[in-house]
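Trainee: I would like to go through this chain step by step. Please show it first.

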Amino acid sequence: MKAARARSRSRARKPSSLETIFVGPAPRLALSLAGDGELVFFLHGIGGNRRHWDAQLAFFSSRYRAAAWDARGYGDSDDYEGPLEFSTFSADLVRVLDHL
């Protein structure tokens, strides 16, 4: 039982080379990045944030450039003003991917 808990904790560790960047202009969008290579990008759902993917970033960063974002209005990204549509999130994602 102790060994299983220890393995579970080690898998949930944050990647040691985790980098946080912000993509601007407004709204600034927060990203966590780790590793090098082809990009693997993680998106959170409603009520989530990029920190939910820390264990996956740690795992994939040994072979890939792993990234997770906070969509506008979530986590460390800027909040939004006015109406928000799905196409707004899509445009933000394109902006982030172009930056990477």
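Trainee: What percentage of the residues in the chain is buried?

Mentor: This is a predicted model, in which local features need pLDDT of at least 70 and side-chain atom pairs count only at pLDDT 80 or more, while totals for chains, interfaces and linings use all residues. Residues are numbered from 1 along each chain as its sequence is written, and side-chain values use heavy atoms, with hydrogens and water left out. Buried means under 20% relative accessible area, exposed over 50%, partly exposed in between (1.4 Å probe, protein chains only). Of the 100 residues in the chain, the buried share is 27%.

Trainee: In what order do the elements of the chain run from the N terminus?

Mentor: Helices (H or I, at least four residues) and strands (E, at least two) are DSSP runs, numbered from the N terminus. The chain has 3 helices and 4 strands. From the N terminus on, their order is α-β-β-β-α-β-α.

Trainee: How many residues of strand E2 are buried?

Mentor: Strand E2 spans residues 29–34 and is mostly covered. In a regular strand the side chains alternate between the two faces of the sheet. Here both faces are covered, with Leu29, Leu31 and Leu33 buried on one side and Ala30, Ser32 and Ala34 buried on the other. The count for E2 is 6 of 6.

Trainee: Which residue of E4 stands opposite Ala34?

Mentor: Two strands pair if DSSP finds at least two bridges between them. E2 runs antiparallel to strand E1 (residues 19–23), with 5 bridges, and a hairpin of 5 residues joins E1 to E2. On another pairing, 4 bridges join E2 to strand E4 (residues 65–69), also antiparallel. Opposite Ala34 in E4 stands Ala66.

Trainee: Which element gives the most residues to the largest nonpolar core?

Mentor: A nonpolar core is a set of buried Ala, Val, Leu, Ile, Met, Phe, Trp, Tyr and Cys residues joined through side-chain atoms within 4.5 Å. The largest one has 9 residues: Ile21, Val23, Leu29, Leu31, Leu33, Ala67, Trp69, Ala71 and Val96. Two or more of these come from each of E1, E2 and E4. The element that gives the most, with 3 residues, is E2.

Trainee: What percentage of the contacts between residues at least 6 apart in sequence joins residues at least 24 apart?

Mentor: Contact means heavy atoms within 4.5 Å. Leu31, for one, touches residues including Ile21, Trp69, Val96 and Leu100. For the chain, the percentage is 63%.

How values were computed:
Lists of a residue's contacts leave out its neighbours within four places in sequence.
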